[in-house]
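Biologist: Got a minute to go through this one with me? I'd like to hear what backs up each label you use.

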Amino acid sequence: MSDDRPTWARRVAAERTAREWSQLDAVKALRLHAPTELPADESMVRQWKRWESGQMPGDFYRPVIAALFGTVTHAIFPAPARRDGNAEIFAASGMETLEIVSRLNRSDVDNSTLDALRITTDRLCSEYPYMPSEQLLVEGRQWLRRVVELHSKSLTLAQHREVLALSGWLALLVGCVEYDSGDRHAAESTRRAALSLAAESDNAEVTGWAHEMRAWFSLTTGDYRGVIAAAQAGSERASKHSVAVQLAAQEAKAWARIGDRRQTEVALDRGRRLLEGMPHPDNLDHHFVVDSAKFDFYAMDCYRLVGEDRLARTLAEEVLRVGTDFDGTEHSPMRNAEARVTLGVVAAREGDLEQALIHGGRALQGGKHSEGRSCVRLLMM
């Protein structure tokens with residue numbers, strides 16, 4: 001029998017079921033997260049039934065429901081956004097790539113050229129989930145070299161800071177792909193270059209992401225104290241940017257691997273609260289953007305590690321749903337790979353070794369770059 005309810009309604013029901021709550025249990029738990037007194041239980045249970053049947057909760061209830069399930073509003077009640085990077089480049093500057101490169105060879109650079117460079121950088125960062133790593137590495141290094149060469153041009157102070165910041169973003173991207181490709185030494189050198197460029201341009205956001213990269217490198221090599229140190233250093237510098245959410249998530253992952261459940265929950269809740277207070281991003285494909293679906297992905301990893309199998313499985317299924325188009329095309333292959341690892345672990349714990357092997361095999365086949373290997377490394381830790 002088909003389920004015609006909206007996706008968000010099915011998720012609300014699944015989250016409740018994963019916690020083995022009745023609808024009355026859910027209502028009682030909801031009261032603990034509500035900023036004001038709620039109506040009587042009988043009335044709220046009827047309301048809850050309407051929500052699970054597909055009636056959209058009002059503006060007041062949506063963030064309260066999200067908090068109840070340890071996530072953020074747009075993770076359950078999404079506000080999708082998509083952009084066309086190539087079209088934006090042309091719309092912003094009227095230039096194709098060839099003309100941008102031609103202008104970069106001039107002795108001075110105008111603001112429209114810098115606008116085109118900024119959007120080109122944004123496009124490259126948005127290609128991370130899709131473009132083959134070898135191709136992205138070549139393109140990223142080419143554009144990084146072009147932008148770095150602008151430092152010798154005649155620039156205003158504002159333009160110079162913009163060029164430094166763009167160099168920092170491209171260095172971050174190149175460093176990520178280098179690490180994915182197995183070149184750890186190059187990745188660390190590039191990360192340090194990004195950190196230096198961020199300091200020179202006084203760009204807190206690039207600084208935060210450079211520390212986040214260090215946290216990720218440490219996580220995949222089992223240096224959990226190093227993760228916590230990098231996450232806290234980045235948070236101090238970039239507390240007002242969305243990277244602070246990802247830093248909190250990396251810290252939560254490290255605490256989960258150490259086995260400190262309380263600190264895991266504290267870090268996750270800090271990240272959730274930060275993300276809930278931030279505007280929904282325009283470009284969900286951008287690698288250096290933290291969206292609501294990413295937060296579910298982080299929480300999934302932590303729940304798996306602390307043994308909350310029902311919650312981990314519910315979130316893994318949600319990650320796969322969000323990361324797969326209606327025709328089966330996977331637009332978040334890396335997240336999907338780890339979701340399948342999670343499903344495999346849960347299946348193994350339940351004694352279903354056949355399903356565990358199936359999910360594990362699909363994780364290795366589906367992960368872009370070296371994510372399949374990263375998933376296995378994280379699973380072994």
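Modeller: Sure, starting with helix α17 (residues 309-322).

Biologist: How do you know that the length of α17 agrees with its 14 residues?

Modeller: The expected span is 1.5 Å times one less than the number of residues. For α17 that gives 20 Å, and its end C-alpha atoms are 20 Å apart, so the two agree. Helices here are DSSP runs of H or I with at least four residues, numbered from the N terminus. Keep in mind that this is a predicted model, where local features need pLDDT of at least 70, side-chain atom pairs count only at pLDDT 80 or more, and totals for chains, interfaces and linings use all residues. Residues are numbered from 1 along each chain as its sequence is written, and side-chain values use heavy atoms, leaving out hydrogens and water.

Biologist: What do the buried residues of α17 pack against?

Modeller: They pack against α1, α5 (73-76), α16 (292-305) and α18 (333-349). The buried ones include Leu311, Leu315 and Val319.

Biologist: Why is Glu20 called exposed?

Modeller: Exposed means over 50% relative accessible area, buried under 20%, partly exposed in between (1.4 Å probe, protein chains only). Glu20 has 57%, so it counts as exposed. Glu20 sits in the loop between α1 (7-18) and α2 (23-31), and has a positive phi of about 60° without being a glycine.

Biologist: Which residues have the most contacts inside the largest nonpolar core?

Modeller: Leu172, Leu173 and Phe288, in a core of 76 residues. Helix α10 (residues 157-180) gives the largest share, twelve residues.

Definitions and conventions
Helix = DSSP H or I, 4+ residues; strand = E, 2+ residues; numbered from the N terminus. Core = buried A, V, L, I, M, F, W, Y, C linked by side-chain atoms within 4.5 Å. Contact = heavy atoms within 4.5 Å.
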